[in-house]
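This report walks through one protein chain, beginning with a single residue in a loop and then moving to a pair of packed helices. Please keep the sequence and the structure in view while reading.

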Amino acid sequence: MLCLFCFEEFSKKYFYIFQKISEFYSQYNKRVPQSTRDPHSSYAYDAVWSMANALNKTMFGPPHIRFDKIPYGDKMFINQIIKALNETSFYGITVSFVSLF
């Protein structure tokens with residue numbers, strides 16, 4: 001027997017995802033001329049969104065350093081970003097990103 005609550009939660013989640021995807025393509029089609037559209041744009045959107053999520057996670061953890069003060073190639077920061085990316089979960093345009101760890 002199908003759990004009605006589970007089905008309702010499932011339906012709400014996927015309706016939200018469908019709206020998000022529809023909104024992305026609607027805005028993309030309005031703003032980008034057809035001659036310059038790229039079939040990989042949705043992947044770029046998801047990549048930027050996942051990086052933004054990871055950066056948000058690192059901003060609130062120690063050592064509370066401004067990004068413009070972090071030296072290029074700083075291993076501690078790189079490790080924090082990698083850890084945050086591994087812990088990132090969200091529903092993207094192209095795929096559902098689920099935390100690996």
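## A threonine in a loop

Thr 88 lies in the loop between helix 3 and strand 1, the latter spanning residues 90-91. The model is a predicted one, and the values given for this residue and for the others are computed from it.

Is Thr 88 buried or exposed? Its relative accessibility is 5%, and because the cut-off for a buried residue is under 20%, Thr 88 counts as buried. A polar atom of the Thr 88 side chain is placed 2.7 Å from the backbone oxygen of Ala 84, and Ala 84 is itself one of the helix 3 residues that take part in the contact with helix 2.

## The chain as a whole

The protein chain holds three helices and two strands, and read from the N terminus these elements follow the order α-α-α-β-β. Of the 101 residues in the chain, 20% are buried. When contacts between residues at least 6 apart in sequence are considered, 54% of them join residues that are at least 24 apart.

## Helix 2 against helix 3

Two packed helices are described by the angle between their axes and by the distance between those axes. For helix 2 (residues 41-59) and helix 3 (residues 75-86), the axes come within 8 Å and cross at roughly 120 degrees. That angle makes helix 2 oblique to helix 3, and the crossing of the two is right-handed.

Which residues make this contact? Helix 2 contributes Ser 50, Met 51, Ala 54, Leu 55, Lys 57 and Thr 58, while helix 3 contributes Phe 77, Gln 80, Ile 81, Ala 84 and Leu 85. By character, the residues of the contact divide into seven nonpolar, three polar and one charged.

## A threonine within the helix contact

Thr 58, which lies in helix 2, belongs to the set of residues through which helix 2 meets helix 3. With a relative accessibility of 10%, Thr 58 counts as buried, since the term applies to residues under 20%.

The side chain of Thr 58 has a polar atom 2.9 Å from the backbone oxygen of Leu 55, and Leu 55 is likewise among the helix 2 residues of the contact with helix 3. When neighbours within four places in sequence are left aside, Thr 58 is in contact with Phe 67, Phe 77, Gln 80, Ile 81 and Ala 84. Among these partners, Phe 77, Gln 80, Ile 81 and Ala 84 are listed on the helix 3 side of the contact.

Notes. Residues are numbered from 1 along each chain as its sequence is written. This is a predicted model: local features need pLDDT of at least 70, side-chain atom pairs count only at pLDDT 80 or more; totals for chains, interfaces and linings use all residues. Side-chain values use heavy atoms; hydrogens and water are left out. Axes are lines fitted to C-alpha atoms, for helices over the stretch in contact, and angles run from 0 to 180 degrees between N-to-C directions. Helices (H or I, at least four residues) and strands (E, at least two) are DSSP runs, numbered from the N terminus. Angles under 35 degrees count as roughly parallel, over 145 as roughly antiparallel, 65 to 115 as roughly perpendicular and the rest as oblique. A crossing is left-handed if the near helix is turned anticlockwise from the far one by less than a right angle, and right-handed if clockwise. Contact means heavy atoms within 4.5 Å. Ala, Val, Leu, Ile, Met, Phe, Trp, Tyr, Cys and Pro count as nonpolar, Asp, Glu, Lys and Arg as charged, and the others, Gly among them, as polar. Buried means under 20% relative accessible area, exposed over 50%, partly exposed in between (1.4 Å probe, protein chains only). A polar contact is a pair of N or O atoms within 3.5 Å; within protein, one must be able to donate a hydrogen and the other to accept it, and residues adjacent in sequence count only if both atoms are side-chain atoms.
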